[in-house]
Amino acid sequence: MSATQDVILGRPKAEWTPTRDAYLVELFIDQHNFGRTAYNEFKNEMIRSVTRDFNKKFGMNLEESQVKNRYNVMKKDYGVVKTLLTRTGFGWDESRQMVVADDKVWDSYIAVKCEARPFR
């Protein structure tokens with residue numbers, strides 16, 4: 001959704017940073033550990049709780065749908081990274097917290113799987 005669409009809908013634009021993402025993940029993990037998931041999905045009460053806690057910490061006013069959308073984006077990204085790490089030639093750089101590979105490996109993989117491009 002574009003910034004213009006967010007203004008039209010009357011909600012603040014969600015600006016995601018690594019710090020905010022990390023805290024959001026922490027909140028989701030806590031909710032999972034408290035048993036607030038069903039069939040590997042989060043319950044509505046859990047999304048409300050995470051949204052409330054997230055907004056309180058960062059002084060924001062995001063809607064539940066924005067938090068849930070970010071969760072879905074992170075879940076998709078996790079799947080891409082997990083797949084990359086099973087492929088020959090890819091590795092994980094712990095200090096930079098990123099997937100690494102030679103240019104040739106990246107080029108041939110991205111030619112087939114363009115969704116991996118942002119992780120290069």
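## Where two helices meet

In this predicted model, the residues D21, L24, V25 and F28 of helix α2 touch V67, R70, Y71 and M74 of helix α4. Sorted by character, the residues of this contact come out as 6 nonpolar, no polar and 2 charged.

How do we describe such a meeting? Two packed helices are described by the angle between their axes and the distance between the axes. Here, α2 (residues 18–33) and α4 pack at an angle of about 95 degrees, and their axes lie 11 Å apart. Angles of 65 to 115 degrees count as roughly perpendicular, so α2 and α4 are roughly perpendicular to each other.

## A look at S65

Let us move along to S65, which belongs to helix α4, spanning residues 64–84. Is S65 buried or exposed? The label falls between the two: S65 has a relative accessible area of 32%, so S65 is partly exposed.

S65 and R48 are 17 residues apart in sequence, and their C-alpha atoms are 9.6 Å apart in space.

## The largest pocket

Next comes the largest pocket, with a volume of about 910 Å³. It is lined by 26 residues, and those closest to its centre are V25, M74, K75, D77 and Y78. You have already met V25 and M74 in the contact of α2 with α4.

Which element gives the most to the lining of this pocket? That is α4, with 8 residues. At least two lining residues come from each of α2, β2 (41–42), α4 and β4 (98–100). By character, the lining divides into 15 nonpolar, 4 polar and 7 charged residues.

Methods. Residues numbered from 1 in each chain as written. Predicted model: local features only at pLDDT ≥ 70, side-chain atom pairs only at ≥ 80, totals over all residues. Heavy atoms only, no water. Helix = DSSP H or I, 4+ residues; strand = E, 2+ residues; numbered from the N terminus. Buried < 20%, exposed > 50% of the residue type's maximum accessible area, 1.4 Å probe, protein only. Axes fitted to C-alpha atoms, helices over the stretch in contact; angles between N-to-C directions. Parallel < 35°, antiparallel > 145°, perpendicular 65-115°, else oblique. Contact = heavy atoms within 4.5 Å. Nonpolar A, V, L, I, M, F, W, Y, C, P; charged D, E, K, R; others polar. 1 Å grid on protein atoms, 1.4 Å probe; cavity = no way out; pocket = protein on both sides within 12 Å on 5 of 7 lines; lining within 4 Å. Points joined across faces, edges and corners; volume = space filled by probe spheres on them.
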